[in-house]
Amino acid sequence: MSNALKFYINGAWVDPVTPKTLDVINPATEEAFATISVGSAADVDKAVAAARAAFPAFSQTSKEERLRLLRKILEIYEQRLDDIARAVSDEMGAPIGMARDSQAGAGLGHLKAAIKALEVFEFAEQRKGTRVVKEPIGVVGLITPWNWPLNQIVCKVAPAIAAGCTMVLKPSEIAPMSGLVFSEIVHAAGLPKGVYNMINGDGPSVGQVIAGHPGIDMISFTGSTRAGIIVAKTAADTVKRVAQELGGKSPNIILADADFEMAVAKGVEGCFGNSGQSCNAPTRMLVPRQRHDEALAVAKKTAEKQKVGDPKAKDTVLGPVVSEIQFNKIQKLIEAGIAEGATLVTGGAGRPEGLNRGYYVRPTVFGNLSIMPYDSEEQAIEIANDTVYGLAAYIQSGDIAHARKIAGQLRAGQVKLNYPAWDTFAPFGGYKQSGNGREYADFAIQEFLEVKAIIGYGAAS
Ligand code: NAD
């Protein structure tokens, strides 16, 4: 890609202030397939200056003008769906069909949701003689991870544009290629220069500089709880608003009245989705104690059906995990599970048979660890909530009233009953150490707004 060594600042592709590069590794081959530039504080300064200069005019644009720009981005995004899918598949190993339908498709979903939400969004209301107006918060810093690269980029950029903010985006340095394609799309859509700026680079040299920059008014961060804490601390000195979408360890309560086999199978598939790398995966399955063994048998059957292999092959369900670091971390966790006496149902350490190159992991299930028995519903709820995280929770039941009742007792930002379809209008975000704030559709637009009260404004005319 011709722009891989450049950043997108003030409406143009530019060279970094100080040349420094990083190879991008394809996890299926373990080989570099691209080289990007990594930025420094001087690049952040340039991008922030461009975003600040663009803010006065962009913040005053009409809703219709911003809708026109978002619709143009959507149109070009649809045309470049295959380019995005290829980039995601190469940079993080997603099977190509999934990269197109789910990874690139997620960005499409967020663009459509932001447009629909903006169409009906009210930026002002009258409260007797006071006018309450919602205004863009200013220049926003957007920092995103590698696991759902487009999902995270677009669910921040589209609502930030909808709100009238200008922005500096730093995609993940591990999966930066799709962010480059997205920046080309934004450029082609003709946004006013300086509204959208993108710099590549690592967390400490670019992300942290964005978080601490006095010219940035708000940070929207998605990634690990570890980095999210550093970002919030760094942002505190300039009293920025910080929105955090962080890690999770989500419970999946399978109630006695559920369609058991289907519920267990779908739960296992939900964990393996995106090669086990989704923040909201249902990774703690809770089953009635007397059905624990039965659950393990279904889980074994389901896990062994997952076809692991080349992301470019049509029948591949699981590609490699994203990097050598993740591969080694997962191997250590599997070894620790075995050493601590959990029941290894299927899989284990090492690569799957026949795959000697690439960061491929054997689909692995542990009983009495990732699948856990409970004795009563009260105990299931207690185990479900017994975590520092609160991103998502799942409930399976044949009786929707029963599931709804339990949903009210779970401390999580999203509770999913009986595996519903993805909903781009459902607010997304975490309780507890899974984060602060909510994304998607109007909730995301709201997050990028300040509230101003104009008192003495007079009655509505
Ligand atoms: P990460 O925290 O290592 O990196 C995320 C982003 O933060 C990257 O762009 C990285 O360069 C940047 N970063 C790292 N250190 C930083 C620092 N000190 N200051 C500023 N920026 C810094 O996370 P990752 O490994 O890329 O992503 C996986 C994590 O993201 C998982 O923990 C997953 O649960 C989480 N995640 C959460 C959500 C959500 O919406 N809650 C969605 C996707 C992923």
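How many bridges join strand 7 to strand 10, and in which sense do the two strands run? In this predicted model, strand 7 (residues 139-143) and strand 10 are joined by 4 bridges and run parallel. One pairing links L142 with its bridge partner S220 in strand 10. Strand 10 also pairs with strand 11 (residues 241-245), again in the parallel sense, over 5 bridges. Here M218 has R241 of strand 11 as its bridge partner. Between these two strands the chain passes through helix 8 (residues 225-236). The resulting β-α-β crossover is right-handed.

Strand 10 spans residues 218-222, and 5 of its 5 residues are buried, so the strand is largely enclosed by the rest of the structure. Buried here means under 20% relative accessible area. In a regular strand, side chains alternate between the two faces of the sheet. Both faces of strand 10 are covered. M218, S220 and T222 are buried on one side. I219 and F221 are buried on the other.

The second largest pocket was also examined. Its space amounts to about 890 Å³. The pocket is lined by 31 residues, of which W148, S278, N280, K416 and W422 are the closest to its centre. Several elements each supply at least two lining residues: helix 4 (96-120), helix 5 (149-163), helix 9 (260-276) and strand 19 (414-417). Helix 9 gives the largest share, with 6 residues. By class, the lining holds 16 nonpolar, 11 polar and 4 charged residues.

How values were computed:
Residues numbered from 1 in each chain as written. Predicted model: local features only at pLDDT ≥ 70, side-chain atom pairs only at ≥ 80, totals over all residues. Heavy atoms only, no water. Buried < 20%, exposed > 50% of the residue type's maximum accessible area, 1.4 Å probe, protein only. Pairing = 2+ DSSP bridges. Right-handed = clockwise from strand over helix to strand, strands pointing away. 1 Å grid on protein atoms, 1.4 Å probe; cavity = no way out; pocket = protein on both sides within 12 Å on 5 of 7 lines; lining within 4 Å. Points joined across faces, edges and corners; volume = space filled by probe spheres on them. Nonpolar A, V, L, I, M, F, W, Y, C, P; charged D, E, K, R; others polar.
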